[in-house]
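Work through the exercises below with the model open beside you. Each task is followed by a solution in steps.

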Amino acid sequence: MRVCTRRRSQTLRMWLLIVFLSLHLLVVSLVLSMYHTSCEPHSHPDIQTSISFFIQNTSTSTNTMAAAGSVTHKVEIDSAADDLSKLEALFSHPLYNMPTPPVPDGDWLLKVRTRRKDEERSTQQWLSANYDGYDPILWNASAETHPPWLRFHLGISRWQMYQHKDPNLSALTQQLASHRIVSAVQKSGGTQLKLVMSFRNYGKALFKPMKQERHEETNVNLYYFSDFERHNAEIAAFHLDRILGFRRVPPVVGRLINVIKEIKDITTDHKLATTFFTSPVGNACFYGQCSYYCSTEHALCGHPVMIEGSLAAMLPDLSLAQRRSWKSPWRRSYSRSKLALWETDNNYCDSVRKSPPYDRGTRLVDLIDMSILDFLMSNMDRHHYETFEKFGNDTFLIHLDNGRAFGRHSKDEPSILAPLVQCCRVRRSTLLHLHLLSLPSYRLSDVMRASLSQDPLSAVAPLLTEPHLSALDRRLATVIQTIQDCLEQHQHHSDVIYDDTDYPLA
């Protein structure tokens, strides 16, 4: 009896458990069904259309932007290629490649002489034409294996710093841009900091560090004699001088310099060494010693250790090639209150023409060439110029120290052209180059852009901003118009045009 009762109880429990599980599954099933129904999207045609349009429009916009970016990039590439082709065409133009007679021995600044040291061997010595002693550096190799800086020095002649298609120019700029620097000392003199950098093969270059961003214009409240010197101005001046066909600026190249490894760690200049410090944000800085802008407030700082600068190939040592410094007749007063005589006397050129060395030869038109170069790059700081003493008065003017150029693009300074305006005299070759650069196929701004793009620092940012390049075209038109005005004022063109070439005027 008890066994039967126990079996019935177990069976009842089993049925109750089955019923409970069944009810539980039924409830779960109903809940899931209701949840699925409530989450099912309702049909709203307007919203679906809007979403579809948005997605489609976004996709179209993205594709358009990508296409526009691609087109812009292609246009920039095509424009750069077009500028380079203009530069190549310019330098291939007959005006730049006119046949020239061989340079006489006496018209080279320096030359390599062979002097017998004893009966068994002879050694080539690097000597100037008037140098009686021996240079400590002996060169036994042929001229082709001389280092680039020495070939540059040996290529300087009476009428130009280097030849139009000088094969050494590329090697020299490559050395300046990349070779190891073994010494850095401050150059004495001058108003702002400059360093003399030495290379392992005895070459030297003048380093001017970056002081101002490329897009910054000179403060309108600053006088011309207190303006910053700009590294990119030195680089651009070299390129512009070459494009104009003058070739009177020593080669200059841009370079990123390590403030610690390439200046501080290798300098033997104790005064310079004491001016290094680390800025609050961890940049390596220094300021040197000079008349202007050499203080902690005007420190030159790396980012964090690299700083931009220009490196200009230095001219031969004065012991080998003496230079003479000349005060420019159109020198400014360098006063805040006084004017120079030429600024008040429109007939000032009459007295200059009668004074040596401007009373004969090419000195006057050379000076006017320099004023045209300065006007194009807005350089008001041409108080002196130099020549090589060996050549006397019959030689080119060295266009040194162009750091205060390209300060302002929004304003032209007509007083820089005073020598041209007051003397109404210009070389035929200069006028021909100016006319050529005014043509669309050789536009000055385009060939300058292309030429500057070959400098290493152009990889960081363009060396001249577009407003500066546009200013070159504007100023070029002013120079050509000034010459045209001179021609109209004089009965004979020969009174204005100095015939230094047989190439015909257009």
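**Exercise 1. Charges over a ring**

Task: In this predicted model, find which ring the charged end of Arg324 sits over, and how far it lies from the centre of that ring. Then do the same for Arg363.

Solution.
Step 1. Start at Arg324: its charged end sits over the ring of Trp326, 3.8 Å from the ring centre.
Step 2. Go on to Arg363, whose charged end also sits over the ring of Trp326. Here the distance from the centre is 4.5 Å.

**Exercise 2. Aromatic pairs**

Task: State how many aromatic pairs the model contains, then classify the pair Phe277 and Tyr287 and the pair Phe388 and Phe396.

Solution.
Step 1. The count comes to nine aromatic pairs.
Step 2. A pair of aromatic rings is described by the distance of the centres and the angle of the planes.
Step 3. For Phe277 and Tyr287, the centres are 6.3 Å apart and the planes make an angle of 50°. Planes under 30 degrees apart count as stacked and those over 60 as edge-to-face, so the rest, between these limits, are tilted. The pair Phe277 and Tyr287 is tilted.
Step 4. Place the two residues: Phe277 belongs to strand 7 (residues 277-278), and Tyr287 to the loop between strand 8 (284-286) and strand 9 (300-301). The pair therefore ties together parts that are 10 residues apart in sequence.
Step 5. Check accessibility. Phe277 is partly exposed, at 28% relative accessible area, and Tyr287 is partly exposed at 21%.
Step 6. For Phe388 and Phe396, the centre-to-centre distance is 6.2 Å and the angle between the planes is 70°, an edge-to-face pair. Phe388 is buried, with 0% relative accessibility, and Phe396 is buried, with 1%.
Step 7. Look also for a cluster: Phe228, Tyr292 and Tyr293 form one.

**Exercise 3. Unusual backbone geometry**

Task: Describe the peptide bond from His303 to Pro304 and the one from Pro356 to Pro357. Then give the phi of Tyr202 and of Asp401.

Solution.
Step 1. Recall the background: most residues other than glycine have a negative phi, and most peptide bonds are trans.
Step 2. The bond from His303 to Pro304 is cis, with omega near -15°. Pro304 is in the loop between strand 9 and strand 10 (306-313).
Step 3. The bond from Pro356 to Pro357 is cis too, with omega near 0°. Pro357 is found in the loop between helix 8 (348-353) and helix 9.
Step 4. Tyr202 is not a glycine, yet its phi is positive, about 75°. This residue sits in the loop between strand 4 (195-199) and strand 5 (204-209). Tyr202 is exposed, with 55% relative accessibility.
Step 5. Asp401 has a positive phi near 60°. Its loop runs between strand 12 (384-388) and helix 10 (418-423), and Asp401 is partly exposed at 38% relative accessibility.

**Exercise 4. The second largest pocket**

Task: Give the volume of the second largest pocket and describe its lining.

Solution.
Step 1. The space in this pocket is about 1,200 Å³.
Step 2. The pocket is lined by 34 residues, and the closest to its centre are Met98, Thr100, Trp159, Gln160 and Arg247.
Step 3. Helix 9 (363-376) and helix 11 (428-437) are the elements that give two or more residues to the lining. Helix 11 supplies the largest share, three residues.
Step 4. Sorted by class, the lining has 13 nonpolar, 12 polar and nine charged residues.

Definitions and conventions
Residues numbered from 1 in each chain as written. Predicted model: local features only at pLDDT ≥ 70, side-chain atom pairs only at ≥ 80, totals over all residues. Heavy atoms only, no water. 1 Å grid on protein atoms, 1.4 Å probe; cavity = no way out; pocket = protein on both sides within 12 Å on 5 of 7 lines; lining within 4 Å. Points joined across faces, edges and corners; volume = space filled by probe spheres on them. Helix = DSSP H or I, 4+ residues; strand = E, 2+ residues; numbered from the N terminus. Nonpolar A, V, L, I, M, F, W, Y, C, P; charged D, E, K, R; others polar. Phe/Tyr/Trp six-rings, centres within 6.5 Å; stacked < 30°, edge-to-face > 60°. Buried < 20%, exposed > 50% of the residue type's maximum accessible area, 1.4 Å probe, protein only. Lys NZ or Arg CZ within 6 Å of the ring centre and 35° of its normal.
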